[in-house]
Amino acid sequence: MAETSSTEEDHNHIPIEIISDDEMALIEAAFAFASTRTFSSLRSSSSSKLPLCTNALSITPLSKRKLSSDIEDLPTCKKKHTLSDSFLHRFRNKRGLSVTDLTSTEWCPKQMEFSLLLGGRKVNEAMRAGIARHAKLEQEVIQRVEVKVKSQEDYWALKFLNFIAGANQLLFEGLTRELPVIGFAEDIWMVGVIDEIRMPLTENDHNPILIDTKTRSRDTLPAEPQRRNGRLQLMCYKYLWDNLVADDFPSEKFFTYFGLNPQNNLCEDLKVIGADSGFSASVSTGYGVAYIVLFLTVMTLDDAVRYYRNTCRMLAPAHDQLLLRYEYQKDHSLLGEVKFAYDRDWLKNQLRSCLEFWLGEQEATYTPEEERWKCQYCQFARVCPAYTNSKGTESPKRNYSNIKG
């Protein structure tokens, strides 16, 4: 896998905090559905004030359960589980598997298992700083509007309309951020939020560039395990994106899987947003292809899905070159950029390994011996045999078999 870095120094010897981007926070908040919850939509034109495709890339980006002391040892998966008792069915059946779920599984399957059974990971100061930074970057190009959704159909429609608005911004202004994607890949419904997408500088290149910005509490580049995890994240987004632009979105399967009524009338706020959003259409002119916006009449979830698919058809596959950017949290200075090529075979192997865990086909494994430094920053270390045994102490016995998703 080809990879270049703007810094030649090897930082693998430096222990690094586990710093998540804000995608999990966004997805967790969105899916903790309630009728009074508000979400946001609409992209402003403020990004036109920003220089597009600067040197970011030049191709010459539940309540939490406490650990109680009366829990017995975690049972291992000696046999294949049925889909009904898999982690996917128990914890992601009505929301889809997020890209962050996949990257967290790659980071440490055992930590992912603990977070599902005992509650999500705690947000530390480094994570809060990363979330705040991403929110600021988002505000540079997106204007948030509150929408009170009243049903699951409203929620999903809002995600589709947000994508349409962001795709329009990308086509007309060359940049968008925090773009939600919903796709079907590996026979699994997956969701995610793409950090940043830019159109390339060259006129002959129409493939959008996917970029992810990671914030660092130290002024160093991360170790290889974190860079590998970032590569997986961006490759997952490209995989989802390319499937969508190829019109690989089985609408009927979507409605059936999530138990949605495609003819359900949407709330009035969404109808207004739909009318304001529009979707792009290409027209041939004497000077080439131009894009125009056709305004929407969105009355039902089915309308939103149809416009979502129409918008996806207007887009080109993502660029094969992907970019990870690392910023220092203290002053937002650029620590370095890691450019790498999309590797479909590598991605497929990683996805297969992660999905075996989610589908109950493989028990959760521990992080490799050479990467056990991760355990120092894991909130579940004191109940994890891999860490406690390495310290010469016996892990307390616990039983998670009665915990439900």
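**Exercise 1. Y257 and its surroundings**

Task: In this predicted model, work out whether Y257 is buried, partly exposed or exposed, and find which residues distant in sequence it touches.

Solution:
- Start with the accessibility. Y257 has a relative accessible area of 30%. Buried would need a value under 20%, and exposed one over 50%, so Y257 counts as partly exposed.
- Next, place the residue. Y257 belongs to helix α8, which covers residues 251-257.
- Now list the contacts, setting aside neighbours within four places in sequence. What remains for Y257 is R92, N93, K94 and W189.
- Finally, look at W189 again. W189 and Y257 are 68 residues apart along the chain, yet their C-alpha atoms are separated by 8.7 Å.

**Exercise 2. Two backbone angles in a loop**

Task: Find what the phi angles of E186 and D187 are, and how exposed each residue is.

Solution:
- Both residues need locating. E186 sits in the loop between β5 (175-185) and β6 (188-198), and D187 lies in the loop between β5 and β6.
- Read off the angles. E186 has a positive phi of about 55 degrees, while for D187 the positive phi is about 65 degrees. Neither E186 nor D187 is a glycine.
- Here is the background for that step: most residues other than glycine have a negative phi.
- Then check accessibility. At 31%, E186 is partly exposed, whereas D187, at 64%, is exposed.

**Exercise 3. How α3 packs on α7**

Task: Determine how the axes of α3 and α7 are oriented towards each other, and which residues form their contact.

Solution:
- The axes of α3 (residues 99-107) and α7 (residues 224-245) come within 10 Å and cross at roughly 150 degrees.
- An angle over 145 degrees counts as roughly antiparallel, so α3 and α7 are roughly antiparallel to each other. The crossing is right-handed.
- On the α3 side, V99, L102, T103, E106 and W107 take part; on the α7 side they meet P225, Q226, R228, N229, L232, Q233, C236, Y237 and L240. These residues divide into 8 nonpolar, 4 polar and 2 charged.
- How enclosed is α3? Since 9 of the 9 residues of α3 are buried, the helix is largely enclosed by the rest of the structure.

**Exercise 4. A lysine in a strand**

Task: Say where K214 is located, and which side chain it contacts.

Solution:
- K214 lies in strand β7, residues 209-216.
- With 15% relative accessibility, K214 counts as buried.
- Its side chain makes a polar contact with the side chain of Q233, at 2.5 Å. Q233 is also one of the α7 residues that meet α3.

Conventions
Residues are numbered from 1 along each chain as its sequence is written. This is a predicted model: local features need pLDDT of at least 70, side-chain atom pairs count only at pLDDT 80 or more; totals for chains, interfaces and linings use all residues. Side-chain values use heavy atoms; hydrogens and water are left out. Axes are lines fitted to C-alpha atoms, for helices over the stretch in contact, and angles run from 0 to 180 degrees between N-to-C directions. Helices (H or I, at least four residues) and strands (E, at least two) are DSSP runs, numbered from the N terminus. Angles under 35 degrees count as roughly parallel, over 145 as roughly antiparallel, 65 to 115 as roughly perpendicular and the rest as oblique. A crossing is left-handed if the near helix is turned anticlockwise from the far one by less than a right angle, and right-handed if clockwise. Contact means heavy atoms within 4.5 Å. Ala, Val, Leu, Ile, Met, Phe, Trp, Tyr, Cys and Pro count as nonpolar, Asp, Glu, Lys and Arg as charged, and the others, Gly among them, as polar. Buried means under 20% relative accessible area, exposed over 50%, partly exposed in between (1.4 Å probe, protein chains only). A polar contact is a pair of N or O atoms within 3.5 Å; within protein, one must be able to donate a hydrogen and the other to accept it, and residues adjacent in sequence count only if both atoms are side-chain atoms.
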